[in-house]
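Reader: I've got a model open and want a quick walk through it. Can we start with a backbone detail?

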Amino acid sequence: LKIIILTTFFQDKEFCNTFSNGRISFESLKEVKLKMFGRRTYWMLAKPYVKKIVNKNRFMKSVNRKILSFILPCDYYRELFEKYNPILVVVPTAHKLYDVPIVVQANRMKIPVIDIVASWDNFNYTMGDYPQKLIVWNEMMLKEAVKEHNFKEEDVKVVGAPHCDFCYDD
């Protein structure tokens, strides 16, 4: 198994030395600019209607995702995926703009995507493509994924808050 970590710290020697071994490599996590118009323009146009209309309507969520998925440039991630030929992509925030191009390109190339939802308070899929599977903190998030975001219950796994595991002492 080979693990490729996309990170903004890919050139930080201390970071790479801490986590690297023969099976782990690092590549740059790139901020992607929107194709047709800039990020600010998208948000100036989209933000008011996203909050009022899109978040309350499943059809509009789908339209918004398709538009954003269409206008995102994903060439960098296409090249990375062609280079490494991954069998799985795992992201911490599939709905955030910096991870959306990764999810979009993985979906275009039919590579399965798992989203480890980072926090109970930012669980909102109004941007980009959906991942195929979710890892969530609790039953409430599972119900929201099924009811509000059309995930199948079997595609959502409740595991607690993984990034807090180091606080646990059994």
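Reader: Which residue just after H6 takes a positive phi?
Author: Asn-150, in this predicted model. Its phi is about 65°.

Reader: And the start of H6, what does Asn-138 do there?
Author: A side-chain oxygen of Asn-138 comes to within 3.2 Å of a backbone nitrogen. That nitrogen belongs to Met-140.

Reader: Which residues of H6 are buried?
Author: H6 runs over residues 139-149, and Met-141, Leu-142, Ala-145 and His-149 are buried in it.

Reader: Why are they on the same side of H6?
Author: Because they cover an arc of only 105° around the axis.

Reader: What does the face turned away carry?
Author: Exposed residues: Met-140, Lys-143 and Lys-147.

Reader: Switching topic. What volume does the largest pocket have?
Author: About 950 Å³.

Reader: Which lining residues are closest to its centre?
Author: Ile-3, Ile-4, Ile-5, Leu-6 and Val-90. The lining has 26 residues.

Reader: How do the residues of that lining divide: nonpolar, polar, charged?
Author: 21 are nonpolar, 3 are polar and 2 are charged.

Reader: Which strands and helix each supply at least two residues of it?
Author: Strand S1 (3-7), helix H4 (75-84) and strand S3 (89-91).

Reader: Which one gives the most to the lining?
Author: S1, with 5 residues.

Notes:
Residues are numbered from 1 along each chain as its sequence is written. This is a predicted model: local features need pLDDT of at least 70, side-chain atom pairs count only at pLDDT 80 or more; totals for chains, interfaces and linings use all residues. Side-chain values use heavy atoms; hydrogens and water are left out. On a 1 Å grid over the protein atoms alone, a cavity is a set of points where a 1.4 Å probe fits but cannot get out, and a pocket is an open set with protein on both sides within 12 Å along at least five of seven lines; lining residues have an atom within 4 Å of a point. Grid points are joined across faces, edges and corners, and a volume is the space filled by probe spheres set on the points. Helices (H or I, at least four residues) and strands (E, at least two) are DSSP runs, numbered from the N terminus. Ala, Val, Leu, Ile, Met, Phe, Trp, Tyr, Cys and Pro count as nonpolar, Asp, Glu, Lys and Arg as charged, and the others, Gly among them, as polar. Buried means under 20% relative accessible area, exposed over 50%, partly exposed in between (1.4 Å probe, protein chains only). The arc is that of the directions from the helix axis to the C-beta atoms. A polar contact is a pair of N or O atoms within 3.5 Å; within protein, one must be able to donate a hydrogen and the other to accept it, and residues adjacent in sequence count only if both atoms are side-chain atoms.
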